[in-house]
Amino acid sequence: MKASAGLDLFKTPLVLKIAGFTLITLTFFYLGKHWSSNGDQQVLFFSSSPGTSVGVSPNYGKSFNVTALIAQNQTDTVSEPEPTQVPVPPASTSPSSDSAAVEQPPPPPAKELDRTFGIIDGDGKMSDDFEVGEVDPEVVENWGNETEIDSGAGEGSRAKIKRFELCPESMREYIPCLDNVEAIKKLKSTEKGERFERHCPEKEKELNCLVPPPKGYRQPLPWPRSRDEVWFSNVPHTRLVDDKGGQNWITKAKDKFRFPGGGTQFIHGADQYLDQISKMVPDIAFGNHTRVVLDVGCGVASFGAYLLSRDVVPLSIAPKDVHENQIQFALERGVPAMVAAFATHRLLYPSQAFEIIHCSRCRINWTRDDGILLLEVNRMMRAGGYFAWAAQPVYKHEQALEEQWEEMLNLTTRLCWELVKKEGYIAIWQKPKNNSCYLSRDEGVSPPLCDQDDDPDKVWYVDLKPCITRIPENGYGANVTAWPARLHTPPDRLQSIQMDAYISRKELFKAESKYWSEIISGYVRAWHWKQLKLRNVLDMKAGFGGFAAALIDHGFNSWVMNVVPVSGPNTLPVIYDRGLLGVMHDWCEPFDTYPRTYDLLHASGLFSVERKSVRCNMSTIMLEMDRILRPGGRAYIRDTLDVMEELQEIANAMGWHSALHDTSEGPHASYRILVCDKRLLRS
């Protein structure tokens, strides 16, 4: 009876349903396992297209490097950084522990737009990350006799490399492309100043050591005190004191040089001289209409030093000649300056860059070769700008000097310059605002207008041209906003920049400004930048000048030399139209300035671009950075992860104190920032 009851139970509908469901489940499990073990599986997608039911994934049969995909698709929006130190990663920055055995391929190259500006990601959105951390204040170290350093700790670190040695004492003021004695001796002619131009060393003779400071070097005096005095031990040269002391240029008092503010043509002081210029031509309006000024043959740059107090940014230039340390004195004072010469090549500044070009006893023969040097002044001077000339032919009545004055009048008349005022020993001309005067000249009058296809902003190793640079018919370059509004007003010449862009240039301009403003805000909060004594600053890849503009907005008492590399778009016209300074340069070659010029070097996205050139070597660029950075100065290098390990090794080999920091995106972001302090090395 019980057995019969048990059989009836198995015949009930509920038990039969459970058994059937179990059988079906086991069947599907077996089929699914068999399918998933098949190596040729495909991902299918349903399609809404007529006549098509399914399609094979376009990624079928492809493999992917997840690390590279993460690097390529950066986070679009970043959060505000917290002012806490981020741990420094070890020398090996590989995302996996077994990377020492299998090298991961590098991330795919970014598109041209991303590489050029570094602020617009692949989706056209702005990324405004910045890093946090503390800086080790130690800046002094005895270099000693060590020959090797360990560039990283733990497994997976790179091999040890030798420290870079100190250069001989004779190279303490070495400028590679201007002190190439062998190349200068081979010049066929030097009568036009060829020896003062760039002659860079050959590859095997490039700088490969650390340029030492002079004995007794001290941290430079802060601005504005440095305008009036500097340490003698930092620029230990007395020739200018002997030659120009009677003209109120410079004096020596115990352990300092003092600068009374005078010059050869303004022995009573630069301030009085500037007042006279303002009264002669009120429309000059320093600090409003006139913002950017070029001072040619600047001496110790007192003219520029006193312009700074009038909200004008001057650029003082002079060759490395018999008064070879004049630019070095200018830079030690904290005045914007570069070594440059009017000779046979265009200067490295764009067309229509300066509102005033000033020459006070600058010892340049402006009328030689039918005025080819004054034609270069005309190229760089803004339409409607002024040329101020203080020289003996203006006011002396000797026959030879009067003949020089007549030659100058004849030349400037043919250039359509108007002599607006001649008073005492100063003459001031104004450049026309359009081409109408040039086109109305008699046929055959020289110099002629340049060809329509001449690019006046092409300056890198370009010969001087014996023609008048045309003023753009659309008014570009002439119609700049008054200072300070021009700093953030997208200029007309922004539209003429040759570059690839997915969004409008004005949007790029505004995005870059916003990006760097927020980055600098983060640096001020996290790294206490306001406590740093930043005066002379170099931005090695400046874009539109957003980094320099952000420093101004945040109240830094500094000036910035904005470098536009030849490897990218020429944005120099925009930089000058904003009221900033800049220069064209190729970082595969040395820079035209003295050792120990800058307090801060800033390089964003530079090395990941320049390393692709067969001419460039990262250690060569880093050694050049060491040459131009002051002891106690800092370098901030923001770049992709794949260059950082090598850069940190080179920094350590140069004796820099370096720390690698994550961005606020975290350790998986493709960008890092390398913060370096240059220590005072002693042999």
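## A pair within helix 15

Which side chain meets K514 in a salt bridge? The partner is E518, with 2.7 Å from N to O. This is a predicted model. Both residues belong to helix 15 and sit 4 residues apart, about one turn of the helix.

Are these two side chains buried or partly exposed? E518 counts as partly exposed, because its relative accessibility is 25% and the class runs from 20% to 50%. K514 is also partly exposed, at 41% relative accessible area.

## Helix 15 and its end

Helix 15 covers residues 505-527, which makes 23 residues. At 1.5 Å a residue, the helix should span 33 Å. The C-alpha atoms at its ends lie 32 Å apart, so the expected and modelled spans agree. Just after the helix comes H528, with a positive phi of about 55°.

## Buried salt bridges across the sequence

The structure holds 32 salt bridges. Side chains of opposite charge can pair when their charged atoms come close.

R486 and E355 form one such bridge, at 3.3 Å from N to O. R486 lies in the loop between helix 14 (436-439) and helix 15, while E355 is in strand 12 (residues 354-360). The bridge therefore ties together parts that are 131 residues apart in sequence. Both residues are buried.

D577 and R382 form another salt bridge, with their closest N and O atoms 2.9 Å apart. D577 belongs to helix 17 (residues 572-577) and R382 to strand 13 (residues 381-390), so this pair ties together parts that are 195 residues apart in sequence. Why does D577 count as buried? Its relative accessible area is 2%, and buried means under 20%. R382 is buried too, at 3% relative accessibility.

## A salt-bridge network

Some charged residues are linked in a network. R198, D586, E589, D592 and R615 are joined by salt bridges in this way.

## Confidence

How high is the average pLDDT of the protein chain? The average is 82, and 77% of the residues score at least 70. Over residues 1-7, the pLDDT is below 50. That stretch has 0 contacts in the model beyond near neighbours in sequence.

Residues 33-142 also have a pLDDT below 50. Here the model shows 174 contacts beyond near neighbours in sequence. Where pLDDT is low, the predicted coordinates should not be read in detail.

Technical notes. Residues numbered from 1 in each chain as written. Predicted model: local features only at pLDDT ≥ 70, side-chain atom pairs only at ≥ 80, totals over all residues. Heavy atoms only, no water. Helix = DSSP H or I, 4+ residues; strand = E, 2+ residues; numbered from the N terminus. Expected span 1.5 Å × (residues − 1). pLDDT = per-residue confidence, 0-100. Contact = heavy atoms within 4.5 Å. Salt bridge = Lys/Arg side-chain N within 4 Å of Asp/Glu carboxyl O. Buried < 20%, exposed > 50% of the residue type's maximum accessible area, 1.4 Å probe, protein only.
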